[in-house]
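Student: Got a minute to go through a model with me? I'd like to start with how the helices pack.

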Amino acid sequence: MNAIDVRNIVKTFGDFTAVKGISFAVEEGEIFGLLGPNGAGKSTLIRMMVTLLPPTSGTAVINGFDVVKQSDGVRQSIGVIPQAMTSDLELSVEENLIIFAKLYSVPRGKRERLITELLEAVELTQWRKAQVKNLSGGMRRRVEIARGLVHEPRIFFLDEPTTGLDPVSRVAVWEMLAKIKRERNLTILITTHYMDEADKLCDRIAIVDHGELKALDSPLRLKASIPGKNSLEVSFTNAPGDWQERVERLPGVESVTAHDDIFRIATGSGPATTLALMELAATSGVTIGSLSVQSTSLDDVFVHYTGRALRDALQEANPLERGPLLRRA
Amino acid sequence: MGRTWAIIERELRRFRRSPVLIVMALVMPIVQLVILGYAFGGNVKHLKLAIVDQDHGMPAVRVRELASAASSGAHTIDTIDYADQGQAISDLRNGRVNGVLTIPTDFSRRVLAKNEPRVALIEDNTDGFVSVAMAGTLGGILQAYSLPARGPRISSVTSLDVVEIYPYVPYIQYLLPGSVVMSIFMMVMIGGGIIFIDDKARGLHEGYLVTPIKKLELIAGFNISGTIKAVLAGMFLLIIGSVIAGIPNPFDPMRLFRLFVVVCVVSFALISLMFLLMVRVSDPLLPRAVFGVLNTVLYFPSGAVYPQQGFPGWMQVIAVADPFTYAVHAFKSLLLKNTGFVAITYDLTFLMIFSVVSLGAATALFKRSL
């Protein structure tokens, strides 16, 4: 039995369709990532799976329970970490966990043991009595991870769990999740717009954009599914009108996409294509503004399947955000 | 029920660790009680009365003597003699005096002729309290002036003997019931309104909704915790306010018990009202925006600061539907008259029906999803 089975699920808000008939299944023990920019429909999708929003059509079966007809069974089976930090700042770490254990009707004796184990797992034992408002952002996220597991769920949903955390805290959260998953045989579904997070953490990734499922596979297979072993990202000045066609004819080049003066070149041989490109630019009087060569990344996968870079999609969704949203391994 | 208690426990733990919230909810009603109670409760004194005697006869001198006696006795007025009527009226317009008493030139002649003698009071009527106090004082003076020096042994005039069945009620005591209701409402507004919506906006309710908690357990948790907080605020203000206002025998156990019951009923009614108003709201600014309006619409028509019999018709309609009206009446009965439950049965019945209707409507509107 699949831990999660989503079939042709749709969610509309008035005239706007946020999720357009997505289907996928998550196996038990898997870490499954939903990757996409803000506004792609990831949070709506996860909210339907955790019974916060009723689907307009389609079905989702979580741990064998239908999200509409057997919502209580779903709720008992899942732990959920919403996107926002929702721990009570005025309460201590322990009190936050106790309250949620009571909400899940965890018996008193078991509650004590579980809380102790969980605080050890998220390395917050010494902060047990501390008020949450005195903890750092990364520690608060760990409190929430412990809170979401306080009733021993089978499936753990995390909606952008590392958004807003510094790089060190993000890595700590990834390691913690990987450890907890191993120890508890959890199935984890995580939404993210961080490429490196999806790449490092997830067994399989579903790329979601504009409410549609664009691709679904393991990170390795997704990377292998697109042309080229290397990716060149180049900006030019004085590029002539037929420049893209001329670049496509260079040795090793498999595909070229251009967006806002940035050319993304997929190639089977990064060094050979780089040399040829520099030679072509010099002979054509075109100046190279910047050039980077890297192995094929999930961002290239995202470009291939959605036609745009994830960072561009993020900036479309949040025009005021200009932070370093794309991180490469 | 365990889940409901989990929510109550959470809310009360947060409440205990939010001293700012407690202070905010209690300080305003106490300040209002003390400031308004003493500001409105006292007698008006030292009003400046210009006396323009154009007559100078013996009857006019007698009126002036009576005015001087009132001035040195109750101190309601301070008299100032003016020779020029024009100057007196000019000073009245400029606010130097509060009224001008003119004794006309033919006053003595009319007194002696028993031909409707008159004096004139020209007053600054922009302040109703001042003009009423001054007219009342001068009315009393003229009534004393008109009494015969020696009356008949057996009076033929019908007189009214007033018997007050309760001790004198200073205005601060009159105001106390409204202040208690206000403290309950403040706690309901902050704890049940503003924080409820802030929690919703922060996503805290999302945390509840993904647990197996039932809709009714969730509603019960919110409302019972809100009621407990409001009861604590109401009882605190009731006890402190009774001491400040000088309510006789404030710690009588039976009266405290009856007051506790009313505080509970009022708290539940107001938290139900707040839950109904906020059940579909998600904008954190909204409860803050309606706070003042709601406070005014509920508090002032309730008879907390002024008798409802003086209201225009449309305001009396508001008063009939206003739960504050019944809460204030019940507290007045218990605090000022020390009555039993019989005197407030109607108030309690209204408040309980109000709670059931409000909570029923709120439950129907409450969505157990986003």
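**Helix packing and a buried arginine**

Tutor: Sure. Helix 7 of chain B and helix 9 of chain B are roughly antiparallel to each other. Keep in mind that this is a predicted model.

Student: At what angle do the axes of helix 7 and helix 9 of chain B cross?

Tutor: At roughly 155°. Angles over 145 degrees count as roughly antiparallel, which is why this pair of chain B helices, 7 and 9, gets that label. Their axes come within 8 Å.

Student: Which residues does each helix cover?

Tutor: Helix 7 of chain B spans residues 171-202, and helix 9 of chain B spans residues 215-245.

Student: Is that crossing left-handed or right-handed?

Tutor: The crossing of helix 7 and helix 9 of chain B is right-handed. By class, their contact has 14 nonpolar, nine polar and one charged residues.

Student: How is chain B divided into domains?

Tutor: Domain 1 is 43-146 and domain 2 is 170-365. The C-alpha centres of these chain B domains lie 48 Å apart.

Student: Switching chains. Where is R170(A)?

Tutor: R170(A) is in helix 6 of chain A, residues 167-184.

Student: Is R170(A) buried or exposed?

Tutor: Buried. R170(A) has 20 other C-beta atoms within 10 Å. The cut-off for buried is 20 or more, so R170(A) qualifies.

Student: What does R170(A) touch, leaving out residues up to four places away in sequence?

Tutor: T162(A) and L165(A).

Student: And how far is the R170(A) C-alpha from that of E197(A)?

Tutor: The two C-alpha atoms are separated by 8.5 Å. Along the chain, R170(A) and E197(A) are 27 residues apart.

Terms used:
Residues are numbered from 1 along each chain as its sequence is written. Chains are lettered from A and ligands numbered from 1 in the order in which they are written. This is a predicted model: local features need pLDDT of at least 70, side-chain atom pairs count only at pLDDT 80 or more; totals for chains, interfaces and linings use all residues. Helices (H or I, at least four residues) and strands (E, at least two) are DSSP runs, numbered from the N terminus. A residue is buried if 20 or more other C-beta atoms lie within 10 Å of its own, exposed if 12 or fewer, and partly exposed in between; C-beta atoms are placed from the backbone. Two residues are in contact if their C-beta atoms, placed from the backbone, lie within 7 Å. Domain bounds come from an automatic or database domain assignment. Axes are lines fitted to C-alpha atoms, for helices over the stretch in contact, and angles run from 0 to 180 degrees between N-to-C directions. Angles under 35 degrees count as roughly parallel, over 145 as roughly antiparallel, 65 to 115 as roughly perpendicular and the rest as oblique. A crossing is left-handed if the near helix is turned anticlockwise from the far one by less than a right angle, and right-handed if clockwise. Ala, Val, Leu, Ile, Met, Phe, Trp, Tyr, Cys and Pro count as nonpolar, Asp, Glu, Lys and Arg as charged, and the others, Gly among them, as polar.
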